[in-house]
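Thank you all for coming; I would like to take a few minutes to walk through one structure with you. Please have a look at it on the screen before I go on.

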Amino acid sequence: MILRLAGIQYDSIVDGPGIRLALFVQGCSHRCPGCHNPETHDPQGGKPVELSQLVEIIYGCENIDGVTISGGEPFEQAEPVAALASAITEHGLDLILYSGYNFEKLQEKALADKNIYRILSLGRLLIDGPFIQSECDLTLPFRGSRNQRIIDLPLSLRAGRPVQWADLLRSEL
């Protein structure tokens, strides 16, 4: 199976908690003005990569806390991303996802595409929502604009509504 990939960052500390391998998928129909990765918009850009090759790269990484799949828009390549998400979690790594769709829209889309549900069910956190330039705030952890949320996926899927990670952190203080 092939995933169209824009790039890899081997030791990211800004794409989720801990040290992460960040994969940037190619193709994004959101095309948010001011996007941090506009080169990922063209679905024909980047390069096709065999999932087995990506799995080999991921499994060969030492001292990472997990993998982040960003973009582009990961959910526009749902089938290969779902297969890759399974390989990531089977290896004991946690998975962080970025999407221009919000959690509620992804739940709706998951009704028609089982791969979207599979991706969500394997993820730890989802940073959701489009980048909105007028809400840009570079002091926010792991996101670029104030409208974007950090969603705890296991709790949200059980609750049937978005449960924000920040809410969980505040309740523990």
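I will go through the sheet, then a pair of helices, and then a single serine. Please keep in mind throughout that what you are looking at is a predicted model.

Let me begin with the sheet, which is open and is built from seven strands in the order β3-β1-β2-β4-β5-β6-β7, with mixed pairing. The edges are taken by β3, residues 47–50, and β7, residues 149–152, and each of these has a single partner strand, so one side of each is left without a neighbour in the sheet. From one strand to the next, the twist averages 30°. At the β7 end, β6, which covers residues 125–128, pairs with β7 in the antiparallel sense over four bridges, and there D128 has R149 of β7 as its bridge partner. Helix α1, residues 51–60, packs on this sheet, where it touches β1, β2, β3 and β4, and its direction makes about 75° with that of β3.

Turning to the helices, α3 and α4 pack at an angle of about 135°, with their axes 7 Å apart, which makes α3 oblique to α4. On the α3 side the contact is made by L106, K109 and A110, and on the α4 side by K114, I116, Y117 and L120; by class, that gives five nonpolar, two charged and no polar residues.

Finally, is S156, in helix α5, buried or exposed? S156 is buried, because its relative accessible area is 0%. Its side chain reaches the backbone oxygen of D152 at 2.7 Å, and the S156 side chain also reaches the backbone nitrogen of V163, at 2.7 Å.

Conventions:
Residues numbered from 1 in each chain as written. Predicted model: local features only at pLDDT ≥ 70, side-chain atom pairs only at ≥ 80, totals over all residues. Heavy atoms only, no water. Buried < 20%, exposed > 50% of the residue type's maximum accessible area, 1.4 Å probe, protein only. Polar contact = N/O pair within 3.5 Å; in protein donor to acceptor, adjacent residues only side chain to side chain. Axes fitted to C-alpha atoms, helices over the stretch in contact; angles between N-to-C directions. Helix = DSSP H or I, 4+ residues; strand = E, 2+ residues; numbered from the N terminus. Parallel < 35°, antiparallel > 145°, perpendicular 65-115°, else oblique. Contact = heavy atoms within 4.5 Å. Nonpolar A, V, L, I, M, F, W, Y, C, P; charged D, E, K, R; others polar. Pairing = 2+ DSSP bridges.
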